[in-house]
Amino acid sequence: MASSIVKTVCPFCGVGCGINLKVDAQGNLTGVEPQRSHPVSRGKLCEKGWSTAYAIRPDNRITEPLKRIHDRFYPVSWDEALDTISETLQDILAESGPESVGVISSARATNEDNYAAQKFARAVLKTNNIDHCARICHSPTVAGLKQTLGSGAMTNSTQDIFETELIVVIGADPTENHSVFGGQIFEAKQRGAKLVVIDPRVTRLAKVADIHVQLKPGSNIALINAMLHVILKQNLHNQSFISQRCDGFDALARNVATITPESVESCTGVSADVIRQTAMLYGQAQRAMILYGMGITQFVSGTQNVIALSNLALVCGQIGRPGTGINPLRGQNNVQGACDMGCLPNVYPGYQAVDDPSVQQKFARAWGTQVATTPGLTSLGMTKATLAGDFRALIIFGEDPVVTDPDQNHVRAAMKAMDLLVVAELTMTETAKLADYILPAASFAEKEGTFTNCERRVQHGSQALQPPGSAIGDWQWLKALAAKLGSDALNWSDSEAVFDEMAALTPSYQSMSYPGIMRAHGLQWPCHPGAPEGTAILHQSTFPIGKARLIPVHQIEIDEAADEQYPLLLTTNRLHFHYGCGSMTRKSPLLEREIPAGILFINPEDARALKIQRYSPVGIRSRRGYVETRAMITEDVPPGLVAMPYHFKEAPSNQLTNTAQDPVTKMPELKACAVSVSPLPPG
Ligand code: SF4
C-alpha cells in the first residue's frame, strides 16, 4: 500500500474545517494538515484541529466489547455482547413497553450513524425516546427559529462576515470555541467591519469590539426589547420588509413601547446610553449579521431569547441577504447534522413532526413498520424517568452525559439505576464507567460518513485508518443489534446506502449524494431539485412558513439568583485548548500542557474579599454539589460573577449547575446558578 492523503472534516467544533490525514504505507497516521482550498477554513486549523491525531491515537482506546461483572469490566465477543443486550432489551420491552427504553446519539458521529440511531429507536424499539447533546446546546435555536422563520439553522454562511458592515456577537465566544472562525472575525474587523460583543464576560473579541455590552447573565430579552424600542422610536425599522414578509408587527411594537433603555438599566446592568448606541448601530447598518451561542440558549428563557434575536433581525430586514442573518454557532462538528437527522424526540429527519399523521404514514411506509405516534423523552427526561422508576434501558454512543449534563450527582444516580446501560465509545469515559456493556467504536478517521457544519454544509469524510481491535462504526453495530432483535430495518450495505435512504426521506437533503458532496467541499442545505447546488443564504424571497412571525417576548429572570448563602453567580464557559467533555483534547500533551486542570475565573474584587490568591485552591459549593479547583484572578469576569469550564472531570462544573429548564425545550440553565466560593489551604 502506498502512503496517502485522505480528506475529511475536523472532529471538533461546528466550524467544520477541512483536514487532510496523512497515512503511511503501513496504514499509520503520520500527520494532519489543513485543506488549503477549503471554503470555510481557507488553509487554517486551530490548535485543536492540529492535535487531531492525539484524539484517536490507539493507546487507551477501547478495542473490544467489555461486560461489567460487579465492578470490573471483562472482554467478551461482539456476538456475546449483542446477544445479551438484545435479550435484556426484549425482556424490558415485554415487561415495561417501548417508553422504558431509549437512545442517546452523538453530535460527534456521522449523519449516517445518527440516521441509523433514530431509525433504530423508532423502527426497531418503537419509541421516540431519542435525543443527543443538542438538548443542552441549541435545542432552543431549533424551537425558536422554527417558530419565527420556519427553519432552525444558521440563515447565512460563515464567510458572510467578510460582506457585512456590522458583526454582533451575542452570548458566544468564538475565539475559544470556534477558533478558526473567531480569527476570521478579527480579520473582518481589520478589514473594516464594526464589531459589537454582548456578553457578561470580557471575551477576547470584547476587548477589540467597538462596543462591549456587558450585560448581567440572563438579561438578554430586556436588552433586545429595549434596542427594539429605540429602533422603532428612531424609525430605523425596515417598514417595507416588515409589511411584505412579516406578521405580528403591531403586537411587537406595542410590547416594546414602554421598554425604554432607562427602564432596563438595573435589570441588564447596562447604561441607557450604551443600549441606545448599540441599537442605533444595528438599526442604521445596511448589512448586519448576528452570531450567537450558548449564552443565548442555555437559560430557562432559551427559546424566548432566540425569538427576541429573531425579532430584532426581522424588524430591521436583516435576513435573506449577504452579510446579514441570525446565525447560531453550533458547538460540535455534527450537532447540526444530528438535529437534521431527527435525533430529537419530537421530529423525524428534516424536522418532520412525529405527531403529524401524514409524516407518521410516510416513515411507516418507507420503513415498512409501525412507528410510535407521540413525542418521546428528552435526554434529561430519560434521566428523570429512570429515577422515578419509569425508564430502564439506555443506549448511548459518543456522549458523556455524566460530565456534560447538569447536576452530575443526579445523572450518575440515574445511570446506575438503569437495568441496562450500553455505551459505545472510543475511550473510557465517566459515563462508560457506569455501563453494563461498553462497545468499541470507530473514530471519525476510521469510517466513512458525512458531517453537517454550522452553516448547513454537508461534507464527506473518507476512511483513512483501520479501527483498532474489533471496533466498528456506530451504524454497523446498531445494524447488528437490530438483527439480533429480529429486524432488518438497518440492513444497509455501506455508508452511502444509509445516506441515500436518508436523503430520499429528508426534503432539505433530497438532491444530495456522495458524488455531489465530494465534487465540491460539501453542499449547503436545502439542496433539492429547485436548488441542486445547495443554498448559501436562507429566506431570500420567502420563509418556509410563508411570512416570518414577530412574536412579543418578555424578560424571564434566571431561576437561581445569588443570595446570602450562595452570594456569587456561576456561569460556564469553554477554553480554546479543550473541547466538550475533554475526552479527545485531553489526550494531547500539547493541549493539556496549555490548560492542565480545572479553573475558576474570579474577579480581583471578589478574590480580595474572600482572601483568595492567584492559582490558589478554592472550593465551590452550590445547592447541588461541591467541587475543588484553583482560582484564576482576572477582570475578564465582573464582580459577582465566576466562570468555570466543563472540560475537566477532576473539577466538574456540572456538579454545581442547575437543572431548571426552558419549558419549551427542556434546556437546562447551564449559564447561571448561585454558588459560594471559599479558599482552601494550599494542597
Ligand atoms: Fe477544528 Fe473547530 Fe478548530 Fe476548525 S475551528 S480546526 S473545526 S476545532
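**Ligand shell, domain arrangement and local packing in the predicted model**

By class, the shell around the ligand comprises eight nonpolar, five polar and one charged residues. Of the 14 residues around the ligand in this predicted model, those that come nearest are Cys10, Cys13, Cys17, Cys46 and Gly49. Helix H1 and helix H7 (179-190) each contribute at least two residues to this shell. Because domain 1 (4-55) and domain 3 (155-329) both give residues to the shell, the ligand lies between them. For the complex, the predictor reports an ipTM of 1.00 and a pTM of 0.91, while the mean pLDDT of the chain is 93, with 98% of its residues reaching 70 or more.

The domain assignment divides the chain into domain 1 (4-55), domain 2 (66-133 + 342-524), domain 3 (155-329) and domain 4 (568-679). Between domain 1 and domain 4, the C-alpha centres are separated by 30 Å, and eight residues of domain 1 are in contact with nine residues of domain 4. On the side of domain 1 that touches domain 4, helix H1 (47-50) and helix H2 (52-55) each supply at least two residues, and the composition of that side by class is five nonpolar, one polar and two charged residues.

Two helices illustrate the local packing. Helix H5 (residues 139-148) is mostly covered, eight of its 10 residues being buried; these are Ser139, Pro140, Thr141, Val142, Ala143, Gly144, Leu145 and Thr148. The elements against which the buried residues of H5 pack are helix H14 (294-297), helix H15 (302-315), strand E13 (326-328), helix H16 (335-340) and strand E22 (548-549). Glycine 150, just after H5, adopts a positive phi of about 90°. In helix H18 (residues 379-387), the buried residues include Ser379, Leu380, Gly381, Met382, Thr383 and Thr386, and the packing partners of the buried residues of H18 are strand E6 (101-104), strand E7 (130-131), strand E16 (393-397), helix H19 (401-404) and helix H20 (408-417). Just after H18, a positive phi of about 85° is found at glycine 389.

In a regular strand, the side chains alternate between the two faces of the sheet. Strand E19 (residues 449-452) is covered on both faces, with Gly449 and Phe451 buried on one side and Thr450 and Thr452 buried on the other. E19 runs antiparallel to strand E20 (residues 457-461), to which it is joined by four bridges; glycine 449 has glycine 461 as its bridge partner in E20. The two strands form a hairpin with four residues between them, and arginine 456 in the turn has a positive phi of about 70°.

Beyond this hairpin, glycine 469 is placed in the loop between E20 and helix H21 (474-484). Glycine 469 has 14 other C-beta atoms within 10 Å and is therefore partly exposed. When residues up to four places away in sequence are not counted, glycine 469 touches Thr63, Glu64 and Pro440. The C-alpha atoms of glycine 469 and alanine 442 lie 9.8 Å apart in space, with the two residues 27 residues apart in sequence.

Notes
Residues are numbered from 1 along each chain as its sequence is written. This is a predicted model: local features need pLDDT of at least 70, side-chain atom pairs count only at pLDDT 80 or more; totals for chains, interfaces and linings use all residues. A residue is buried if 20 or more other C-beta atoms lie within 10 Å of its own, exposed if 12 or fewer, and partly exposed in between; C-beta atoms are placed from the backbone. Two residues are in contact if their C-beta atoms, placed from the backbone, lie within 7 Å. Domain bounds come from an automatic or database domain assignment. Ala, Val, Leu, Ile, Met, Phe, Trp, Tyr, Cys and Pro count as nonpolar, Asp, Glu, Lys and Arg as charged, and the others, Gly among them, as polar. Two strands pair if DSSP finds at least two bridges between them. A residue is near a molecule or strand if its C-beta atom, placed from the backbone, lies within 6 Å of it. pLDDT is the predictor's confidence in each residue, from 0 to 100.
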